[in-house]
Each structure stands twice: as structure tokens, then as C-alpha cells.
Amino acid sequence: MNLILLGAPGAGKGTQAEVIVNHLSIPAISTGNIIRESLRNETELGLKAKKYIDEGALVPDEVVIAIIKERLLEDDCKNGFILDGFPRTVPQAEALDAMGVVIDKVIDIEVEDEKIISRLSGRRVCKDCSASYHIDYKPSKDGKTCDLCGAELICRKDDHPDTVLERLRVYHDQTEPLIKFYKDRGKLFVVHGQEKVEDTTKLTLAAIEE
Ligand code: ADP
Ligand code: ZN
């Protein structure tokens, strides 16, 4: 099954992606994680992307399209995949069509802006493995280091309040049109994000089994 997870930054796409990975044994591909990894490794891509990410802007379409094109050719995508954070603009969705990629379902995780703001400002991520926590809703065991690998937890630069508002603005402006794009194609499944992750998970699993 080829899936897309759609939703505002901080809607919980990454968490739901992990659930589906375990359920369907297909890989999750996060353009955000791929870009942040290139930033850490200071590759050409990382250098190109840095200024956009830090400002809460989108990385140019041609850059992310090239990343996805290459990634989807890898062996582990043969039986399906979950795209987390791609497409984020209509041209990116059209690029998938042009690659001949057939999408089975698009799961749109809907969360109100106010909740997004509180979730992102309290989000902490592991500096090494990118595992994600929240100071109130999902603290790590000691509140300071990653439960999985022990590395330090940090606040992503683009989770600082001003940047969060800009990311939300960009989401409404550039990404939200994809809801109609996929609805018109009969692919859209809406999941209302719940207070508890487990409750959202149930809705997500119901949507992929529908
Ligand atoms: P979130 O969903 O929390 O905003 P991501 O980790 O998906 O975070 O993305 C972080 C940043 O990486 C985005 O703000 C953007 O700059 C860049 N990025 C990720 N995916 C894309 C994409 N498909 N198109 C353009 N930029 C992207
Ligand atoms: Zn870690």
C-alpha cells in the first residue's frame, strides 16, 4: 500500500507513521528527517536547505522532489511506503503523478492551530536519533535524555514560537490545497487528532483498513 500522511506541522504525522510501519511492515519516508540528517552531515543538500528550514519556509520543490525520486527507487519501497511530510505543495503531488507513483490512500490528520502551537513549542527531539518527545504530553523518563539512545534532547530551531507561526501560515497557504487535490481523486481519509495518541492511532488504523 502506498500511503501519504498529510497534516499541519506537529499534527502527529511522524508518530502515526511509526504505527503504520509496525502494522504494515512498509517503510516511512520523512523528507524532514532526510533533510535534517543532511544538515547534520553538512552535505550539499543540507547547506542548500538550511536557510529555508531555519525560517520555517519550505525547501524548494525541485530539491525535495529529487530526494523522493531517489528514495522511492530503493528496494524497501517495493511493497509500499508511507510518505510523511511529502507532498507539501501541489507541484510536489503532481511530481508523484509524473513519476508514475500510484497513491492508494491519503490520511489527513487534522488538529486545530492552537493545539499545534502548544504541541510544537513543547516538543523536544533527540539530537542523535530524532526520536520525538513533549515536555508535558510525552516526556522522556528523565526529562533530559532520549529513552532510546541516551543522547541529549533539544528544541528544534524551527519549533521556536515565531517560526512555528510561519510554518502554520505556510501550511495553510501551500499544503492545505492538497486536501482538495486528493479529495477530488477519492483518496482522502480524514483522521481527527485526539488528546491521546492511542486514540488517534485507532482512527488511523481504521482508515488504512477501510
Ligand atoms: P514538520 O512536519 O514538523 O513541519 P518536518 O520535519 O516534516 O516538520 O519538516 C521540517 C522542515 O523541512 C519544513 O519546515 C521544511 O522546511 C522542510 N521540508 C520537509 N518536507 C518538505 C517538503 N515536502 N517540501 C518542502 N520542504 C520540506
Ligand atoms: Zn535518541
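In the predicted model considered here, Cys146 has a relative accessibility of 4% and is therefore classed as buried, where buried means under 20% relative accessible area, exposed means over 50%, and partly exposed covers the range in between (1.4 Å probe, protein chains only). Cys149, by contrast, reaches 41% relative accessibility and so counts as partly exposed. Both residues take part in the coordination of the zinc ion (ligand 2), to which Cys126, Cys129, Cys146 and Cys149 each contribute an SG atom at 2.3 to 2.4 Å; donors are N, O and S atoms within 2.8 Å of the metal (3.2 Å for Na, K and Ca), and since water is not among the atoms, sites may look incomplete. The angles subtended by the 4 donor atoms around the zinc ion (ligand 2) run from 96 to 121°, and the arrangement is therefore tetrahedral, a label given to four donors if all angles lie between 85 and 135 degrees. Along the sequence, the donor residues of this zinc ion follow the spacing C-x2-C-x16-C-x2-C.

The model is predicted, and local features need pLDDT of at least 70, side-chain atom pairs count only at pLDDT 80 or more, and totals for chains, interfaces and linings use all residues. Residues are numbered from 1 along each chain as its sequence is written, chains are lettered from A and ligands numbered from 1 in the order in which they are written, and side-chain values use heavy atoms, with hydrogens and water left out.

Ligand 1 is surrounded by 20 residues, the closest being Thr31, Arg36, Ala57, Gly85 and Arg167, where a residue belongs to the surroundings if one of its heavy atoms lies within 4 Å. This shell comprises 8 nonpolar, 5 polar and 7 charged residues, with Ala, Val, Leu, Ile, Met, Phe, Trp, Tyr, Cys and Pro counted as nonpolar, Asp, Glu, Lys and Arg as charged, and the others, Gly among them, as polar. Helix H2 (residues 31-40) gives the most to the shell, with 4 residues; helices (H or I, at least four residues) and strands (E, at least two) are DSSP runs, numbered from the N terminus. Polar contacts (pairs of N or O atoms within 3.5 Å) link nitrogen atoms of ligand 1 to a backbone N or O atom of Val59 at 3.0 Å and to a side-chain N or O atom of Gln92 at 2.9 Å, while an oxygen atom of ligand 1 lies 3.1 Å from an N or O atom in the side chain of Arg123. Taken alone, ligand 1 exposes 550 Å², of which the protein buries 96%, as computed by the Shrake-Rupley method with a 1.4 Å probe.

Several backbone features were also examined. Most residues other than glycine have a negative phi, and most peptide bonds are trans. The bond joining Phe86 and Pro87 is cis, with omega about -5°, and Pro87 is placed in the loop between strand S3 (81-84) and helix H5 (90-98). Ser25, although not a glycine, has a positive phi of about 50°; Ser25 lies in the loop between helix H1 (13-24) and strand S2 (28-30) and is exposed, with a relative accessible area of 64%. Ser130 likewise has a positive phi, of about 70°, and is found in the loop between strand S5 (123-126) and strand S6 (132-134), where Ser130 is partly exposed at 25% relative accessible area.

Conventions. Tetrahedral: all angles 85-135°; square planar, octahedral: opposite > 155°, others 65-115°. Polar contact = N/O pair within 3.5 Å; in protein donor to acceptor, adjacent residues only side chain to side chain.
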